[in-house]
Structures are given as C-alpha cells and as structure tokens.
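Q: Please take a close look at one part of this structure and explain how it relates to the rest. A formal account for a first-year student would be welcome.

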Amino acid sequence: MRTSNFRVVPLKTEVVEAARRGAKSGASDHRAVAVDSPRGYPCRHCLRWAAIPPGNPYSETGPIFVHEQPCERYAATAEYPSDFRSGRVFRAYNSKYDMIDAKPVNGGEPETVIETLLQNPQAAFVDARSADRGCYTFRIERI
Ligand SMILES: [Zn+2]
C-alpha cells in the first residue's frame, strides 16, 4: 500500500458517540436515517460506505453521516482509504479556512492530487469531499 507525506483524519470517536447518543435520545438535530443507496454516503468515522441520504450540498455545516451502530475509527491514517479512490474532490484551505485551491482526481491517483495541493506552502490542510454534492468526507493533514 502506498504511503505518503500526509495522514488521513477521520472524525474523533467521542464526536461520533455523542452524535449516536443525540440520535437515540431524539435530539432535533440528530436522526437515524434509512439507507437508500449502497454507495451514497460514507461513514466519517470508519471511512467505509454507509448509504444515508445527502445533506445540503454546499453547506459547511451540513450533516455528517456516521454508522448508527458502533464502528471502528479508521486507523490506517498513512494510507488513503480504499473506498474513496474515486468520486472525491480535494479542496485545500489556508490556516484561516479560506479555500485556496481544489482539484478532482480525474482518473489519477488521489495521493498525487493531495501531494500537489500540499506543495503550496499556504495550504494548511486538504478536505476530501464528494465530487457530486461536495459533502465533507475526511480531512488530510501534513505529517
Ligand atoms: Zn462507520
């Protein structure tokens, strides 16, 4: 498996567990939703596919989907998650969270796109988002 000069940053387990508790307790801003597509919606914790309806395409505060049942936080952070080798776009942000660049994979390797974006010294981090709706999937930081 290819490794690189970056690491993948899945959602923290405590954030995910709080979301599951919120959904179970009926909090108005949390809910469990039924699956309607096998490749629609990745779990932001284990970085595996979960089929859950999409959120607001362009909102930075849109829904973050995680599996309803406990799952293991993605641990191979030096490796790009295999479920998302296609269908992602990468956006580079500066330390003020301004988007400064964006690139799709376009049939190449995601590692190459990420490395290119991180070559910009102004890039503080890169977010992987779905290429179709722009939903946040995971963050990438320099090691
Ligand atoms: Zn999961």
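A: **Leu47 and the metal site**

Leu47 has a relative accessible area of 2%, so it counts as buried (under 20% is buried, over 50% exposed, and anything between partly exposed, with a 1.4 Å probe and protein chains only). The model is predicted, so local features need pLDDT of at least 70 and side-chain atom pairs pLDDT 80 or more, while totals for chains, interfaces and linings use all residues. Residues are numbered from 1 along each chain as its sequence is written, and side-chain values use heavy atoms, with hydrogens and water left out.

Leu47 sits in the loop between β2 and β3 (strands are DSSP runs of E with at least two residues, helices runs of H or I with at least four, both numbered from the N terminus). Although Leu47 is not a glycine, its phi is positive, at about 55°. Asn106 also has a positive phi without being a glycine, with a value near 50°. Asn106 belongs to the loop between β5 and α2, and its relative accessibility of 70% is why it counts as exposed.

The zinc ion is coordinated by Cys43 through SG, Cys46 through SG, His67 through ND1 and Cys71 through SG, at 2.0 to 2.4 Å. Donors here are N, O and S atoms within 2.8 Å of the metal, or 3.2 Å for Na, K and Ca; water is not among the atoms, so sites may look incomplete. The angles among the 4 donor atoms are 98 to 123°, and the site is tetrahedral (for four donors, all angles must lie between 85 and 135 degrees). Along the sequence, the donor residues follow the spacing C-x2-C-x20-H-x3-C. Cys43 lies in the loop between β2 (41–42) and β3 (49–50), and His67 in the loop between β3 and β4 (88–93), so the pair ties together parts that are 24 residues apart in sequence.

The donors can also be described by their accessibility. Cys43 counts as buried because its relative accessibility is 0%, and Cys46 counts as buried because its value is 10%. His67, at 22%, therefore counts as partly exposed. The structure holds 0 disulfides, a disulfide being a pair of cysteine sulfur atoms within 2.5 Å.

The nonpolar cores come next. A nonpolar core is a set of buried Ala, Val, Leu, Ile, Met, Phe, Trp, Tyr and Cys residues joined through side-chain atoms within 4.5 Å. The largest has 19 residues, and those with the most contacts inside it are Phe90, Ile114, Val126, Phe138 and Ile140. At least two residues of this core come from each of β1 (6–9), β4, α2 (110–118), β6 (125–130) and β7 (136–142). The biggest contribution, 4 residues, is that of α2. A second, separate core of 5 residues includes the zinc-binding residues Cys46 and Cys71, together with Val16 and Val66.

Within α2, the buried residues are Pro110, Glu111, Val113, Ile114, Leu117 and Leu118. Seen down the helix axis, they fall within an arc of 165°, so they line one face of α2 (the arc is that of the directions from the axis to the C-beta atoms).

Finally, the whole protein chain has 2 helices and 7 strands, running β-α-β-β-β-β-α-β-β from the N terminus on. Of its 143 residues, 38% count as buried.

Methods. Tetrahedral: all angles 85-135°; square planar, octahedral: opposite > 155°, others 65-115°.
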